[in-house]
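Please open the structure in your viewer and keep the selection tool at hand, for this tour moves from one selection to the next.

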Amino acid sequence: MLAQILLLGVTMGAAYALIAVGYTMVYGIIELINFAHGEIYMYGAFMCLAFTIASTPFQAAGAALFAGALAWVVAFDRMLERSGSKPLAQGCGLAAALTLGLAVYGGCLARIPFPVSFLLAVGLAAMLGVAIEIVAYRPLRDSPRLTALITAIGVSLVLQNLAQVIWSAENHTFRKYDAHPALFLRQNMPEGTSFWQTLVEGHYLQAGPLSMSLLQAFILLTAFALMLGLHLLVTRTKLGMAMRACAQDQVAARLMGIDVNRVISITFAIGSALGAVAGILVGLYRDEIKPTMGYQAGVFAFSAAVLGGIGNIPGAMVGGLVLGVAQSLAIYWELSEWSTGIAYLVMISVIILRPAGLMGAQLPRKS
Amino acid sequence: MISSRTVLVFLVGLLVSTGCGGPPTGPAPDAGLGGGTGGGSAPAGAIVLGVAGPMTGDLAQVGKMMERGAKMRVDEVNAKGGIGGRKVELEVGDDTGNPKEASTVAQKFASNPAVLAVVGHYNSSCSLAGKPIYKEAGLVEFSSGSTNPTVCEGSDWTFRNIYRDDFQGQMLARYAKQHMGAARVAVFYDNDDYGIGLKTAFEEEAKKIALEVVAAQSYERDTVDFRPQLSTFMAKRPDVILVSGLFSQAAKIASQARESGLAVPLLGGDGVFSDEYIKNAGAAAENTYVSTPFLFELGGERARAWHGDFKKAFGAEPDAWAVLAYDAAALLLQGVEKAGATRKAVRDYVAAIDSKEKAFPGLGGATYFDKNGDCLKPVHMALVKGSKFVPAPKQMN
Amino acid sequence: MTQRKGKAARSSSGAWRAPWGWLAFVAAAACLPLTGNSYLMGVGIYALLFSILAMGLNIMTGFCGLLDLGYVGFYGIGAYAAAVFMNTHELSFWVALPLAAALGALWGTMLGAPTLRLTGDYFAIVTFGFSELVILITRNWTSVTKGARGFPDIHKPVLFGYEFVRFNPTAFYFLALALFSLTVFVMLRLESSRLGRAWFAIREDEIAAEACGINLRGYKTLGFAIAAAFGAMGGAFYASFSGTLHWSAFTFSESVLILCMVVMGGLGSIPGVVLGSCLLVMMQEGLRPQNLAAALAPLGVPASSIPGELRWIVYGALLILMMRWRPAGLWPQKNVAAEFAEEADSAP
């Protein structure tokens with residue numbers, strides 16, 4: 001039984017790790033605790049659900065307006081950087097906003113096969129991360145840290161409550177919409193052949209006394225594959241080198257010809273995409289999505305990042321796993337009511353006793 | 001310094017202006033004017049009945065049902081020409097299920113003299129938070145949903161027309177033993193007043209009737225993953241799993257239990273009794289037994305007719321919370337009609353219904369009160385079958 | 001720039017003058033009960049209570065420049081401590097109030113001493129985790145805090161044989177006003193004291209401050225303890241006024257709300273913080289769906305169509321907009337304004 005519980009802990013830990021990576025990457029590069037990261041995780045899950053099921057026109061319109069605004073911000077910013085012409089950038093932004101807005105509106109009303117919705121939602125979440133950075137954090141890059149931190153809290157508040165307005169505070173579950181065969185491609189494939197269908201319908205892998213659902217296995221595999229990929233990206237590629245350079249010294253990086261804004265945008269995009277993947281997987285796994293889900297996941301993931309050593313990507317993975325296992329152990333010992341507290345305790349004691357975390361952190365510097 | 005003084009004066013002006021300009025920001029002073037005269041002698045002002053519950057937030061569905069139930073009764077009374085020529089109005093207070101907001105709502109009702117009684121609150125924690133204010137103001141707080149044993153303690157102004165958790169927990173334990181043939185029960189409980197109260201009563205009764213509680217795990221409202229707890233249950237081989245909590249978590253528990261291969265029947269309190277439970281849990285909801293204060297199927301002809309009227313009026317299926325709020329409104333308005341349009345008269349009228357003979361014949365059963373303001377009402381059992389709540393084949397006598 | 005700095009230094013070291021503005025404000029506020037409307041008085045009490053809390057938080061965030069995300073933790077400790085002192089130990093409110101404040105200060109010291117050697121971000125996170133732990137403990141330490149059900153029937157203050165009334169809260173209102181005045185007085189004295197100047201120095205430049213012989217950790221910890229004491233005092237008042245305590249009154253969103261008040265009024269500015277608190281409490285009432293619907297009645301907007309989340313969107317947007325365009329707040333403290341202006345000048 002213990003082994004079984006540990007396995008469940010590892011599953012949640014992998015999800016925490018995926019989210020924690022987003023905190024750590026952003027902290028590494030601009031030394032900001034991105035409070036809005038949990039909301040990106042939530043937004044990814046909601047968009048995926050909105051695409052897979054047929055949303056109400058109100059929800060579709062809300063999602064479309066929001067996505068349009070994101071597209072405008074990102075397109076405007078990139079165009080302005082590239083061409084330097086404001087009217088051109090505005091036109092480009094408007095075109096992008098209209099295209100994406102309409103596409104999202106249609107996508108929400110229609111039912112899109114799950115794998116496609118998954119990718120679309122991850123893309124939108126990445127865009128959200130980039131847009132947040134452009135609108136809220138970039139103008140404050142040279143302000144006192146306090147200013148940016150408070151802004152981050154504001155962004156988180158706005159996003160979370162906006163989601164409540166669009167999708168209402170109630171719980172949304174994928175299962176609730178079981179009646180819609182489109183959800184898992186059931187209409188396209190004969191019974192028993194759909195990968196997605198087997199995935200979410202609770203098929204089990206059995207190994208002695210241990211059993212693991214396919215979905216669980218999928219979460220673990222995806223998480224580890226993504227994190228390995230990220231590690232390779234950061235350590236082996238030119239982009240990764242640019243990211244590390246920006247993390248060390250932005251002025252020097254700029255002098256070396258690195259487009260710092262672009263690198264920061266990419267960092268946000270990657271972190272947000274990973275967060276959204278976690279959001280969708282956890283949404284499927286727990287079968288519940290709600291606007292407030294990002295708060296607690298964010299806190300847990302942040303604790304994981306601190307535990308591993310903030311700014312340290314492998315550290316975030318280790319931290320996530322340790323935290324997930326610790327929480328499941330609390331349940332094993334019938335101390336459920338304290339299992340959330342473990343995250344806070346870990347956070348406080350690590351910061352006080354060993355601020356560098358398990359794996360060594362890039363300690364915050366005074367700007 | 002001069003400039004800051006000017007701004008201070010501005011600020012004072014702002015404060016004072018909200019003082020005078022109160023009406024546009026809050027409906028209370030507006031209605032208060034009407035009630036100030038109406039409460040005394042002139043029959044001109046409307047009689048106001050408050051209804052307080054979670055109108056927004058997670059439990060908005062319940063709040064809406066309460067509001068509609070009370071509205072139904074108010075409309076009926078108005079259709080007959082009101083009470084003594086005065087119209088009856090419903091004023092809604094949204095406590096969002098949060099005790100802090102509940103205090104504000106209570107303060108607002110209490111300070112509006114036109115409000116003669118309040119139907120509410122739903123959450124026990126909200127009823128408890130409002131209690132000291134209602135008591136001081138001398139205003140009846142009549143809950144149609146709070147089941148915590150302490151809700152009516154220590155206040156002459158608090159009543160309810162629903163059973164208490166200690167009774168409900170007792171009945172659930174007996175039901176598990178007698179009618180579900182259980183010997184071993186695993187318990188999930190919400191780490192909240194409701195969940196803990198119900199679970200404690202269940203455990204106490206279980207000890208008496210030799211029903212073994214093999215495991216008990218608590219959870220928080222925002223918990224969505226119950227697999228670790230379920231796998232600790234699995235090893236203990238329970239015959240029944242009790243969920244002492246609310247429907248949204250119960251739905252998660254049901255589907256995750258089925259998914260992990262735990263096929264034993266589920267048992268729940270009235271917190272699970274909601275169509276949302278079936279909607280969220282889907283097929284996993286089957287074979288769940290829940291206790292409830294009311295079932296339309298057992299309510300006879302009158303309940304069926306009411307069901308139809310409600311559906312016609314609001315275009316939605318009523319549930320037990322609508323029925324109990326309707327009963328509460330009916331009883332309170334009858335008090336206004338028979339005993340007089342003052343808060344004190346309403347309280348005395350309700351408090352005087354203290355025996356079976358004087359019981360108020362509500363839709364949800366005969367209602368009368370003990371000296372605390374609690375009422376003794378039977379617990380009904382429902383079962384999920386074919387994605388619907390139906391009366392369980394065996395009821396507690 | 002040098003000119004600005006000179007001016008700032010002068011104003012913060014100025015001799016103490018009678019605060020006529022404050023006296024006028026308190027006198028005007030004392031007239032509110034004349035309306036006889038207990039709903040309005042209830043709102044007034046919350047405005048005063050939150051002003052006290054915001055002024056407390058302002059010591060950390062405004063004076064010392066450290067983001068405290070768990071201020072509500074001290075508020076909760078004070079509230080529960082007062083409830084336990086009054087109900088379980090049968091102490092009078094007038095004893096419980098200072099005891100609660102002292103307990104808050106003790107916790108502030110215990111939490112601050114090890115944490116404040118770290119930089120601001122870590123401090124923010126530790127305080128956040130601390131306040132979540134406070135909630136967890138109030139929910140689960142049932143034997144003392146009565147657990148998740150909430151602490152019921154808390155005693156009311158009794159003054160010369162008069163027992164305060166909650167429903168018609170004139171006495172509570174004056175009590176809140178008295179505590180408010182006390183807080184303002186202490187804050188004004190602190191601001192112009194050696195201690196206050198040390199805090200400002202830390203906020204402006206830690207390294208320079210340390211070089212001038214300021215004991216960073218000592219002064220910061222002292223600030224944290226004083227801030228915590230005021231939070232706990234506010235909590236003790238709240239416990240007695242509301243009569244019941246429930247953990248949900250002490251969640252992170254309350255911390256954010258108080259932070260919002262400080263930021264909106266002006267970091268470090270005492271009148272600004274009070275202004276921010278009053279505005280936000282009024283906004284909170286105004287943005288309730290029912291009140292908003294009543295105000296918009298001519299337009300025929302039903303309450304059910306107004307999202308209850310609206311006010312939080314507004315608060316969030318306020319935080320973002322203020323930080324972007326008016327980081328020094330509506331009523332800035334002079335040297336904070338100068339600092340931000342300087343940042344803007346030197347920004348590339």
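Begin by selecting A:W333, A:L335, A:W338, C:I137 and C:W141, which make a nonpolar surface patch of about 540 Å². Patch members have over 30% relative accessible area and no salt bridge (a side-chain nitrogen of Lys or Arg within 4 Å of a carboxyl oxygen of Asp or Glu), and nonpolar side chains (Val, Leu, Ile, Met, Phe, Trp, Tyr) are joined within 5 Å; accessible areas come from the Shrake-Rupley method with a 1.4 Å probe, and for residues only the protein chains shown count as cover.

This is a predicted model, in which local features need pLDDT of at least 70 and side-chain atom pairs count only at pLDDT 80 or more, while totals for chains, interfaces and linings use all residues. Residues are numbered from 1 along each chain as its sequence is written, chains are lettered from A and ligands numbered from 1 in the order in which they are written, and side-chain values use heavy atoms, with hydrogens and water left out.

Within the patch, centre on A:W333, found in the loop between α13 (313–332) and α14 (339–353) of chain A, where helices (H or I, at least four residues) and strands (E, at least two) are DSSP runs numbered from the N terminus. A:W333 has a relative accessible area of 54% and is therefore exposed (over 50%; buried is under 20%, and partly exposed lies in between).

Next, turn to the aromatic rings. Rings of Phe, Tyr and Trp (its six-membered ring) pair if their centres lie within 6.5 Å, with planes under 30 degrees apart counted as stacked, over 60 as edge-to-face and the rest as tilted; by this rule the count comes to 50 aromatic pairs over all chains. Select B:Y175 and B:Y289, whose ring centres are 5.9 Å apart with planes at 50°, so the pair is tilted. This pair links distant parts of the chain, 114 residues apart, since B:Y175 belongs to helix α7 (residues 165–178) of chain B and B:Y289 to strand β10 (residues 288–292) of chain B. B:Y175 is buried, at 1% relative accessible area, and B:Y289, at 14%, also counts as buried.

Moving to chain C, select C:Y162 and C:F164, a tilted pair with 5.9 Å centre to centre and 45° between the planes. Which of the two is buried, and which partly exposed? C:Y162 is partly exposed at 42% relative accessibility, whereas C:F164 is buried at 5%.

Finally, select C:R139 and C:W247: the charged end of C:R139 sits over the ring of C:W247, 4.1 Å from its centre, the rule being that NZ of Lys or CZ of Arg is within 6 Å of the ring centre and within 35 degrees of the ring normal.

How values were computed:
Buried means under 20% relative accessible area, exposed over 50%, partly exposed in between (1.4 Å probe, protein chains only). Patches are made of residues with over 30% relative accessible area and no salt bridge: like charges are joined within 9 Å, nonpolar side chains (Val, Leu, Ile, Met, Phe, Trp, Tyr) within 5 Å.
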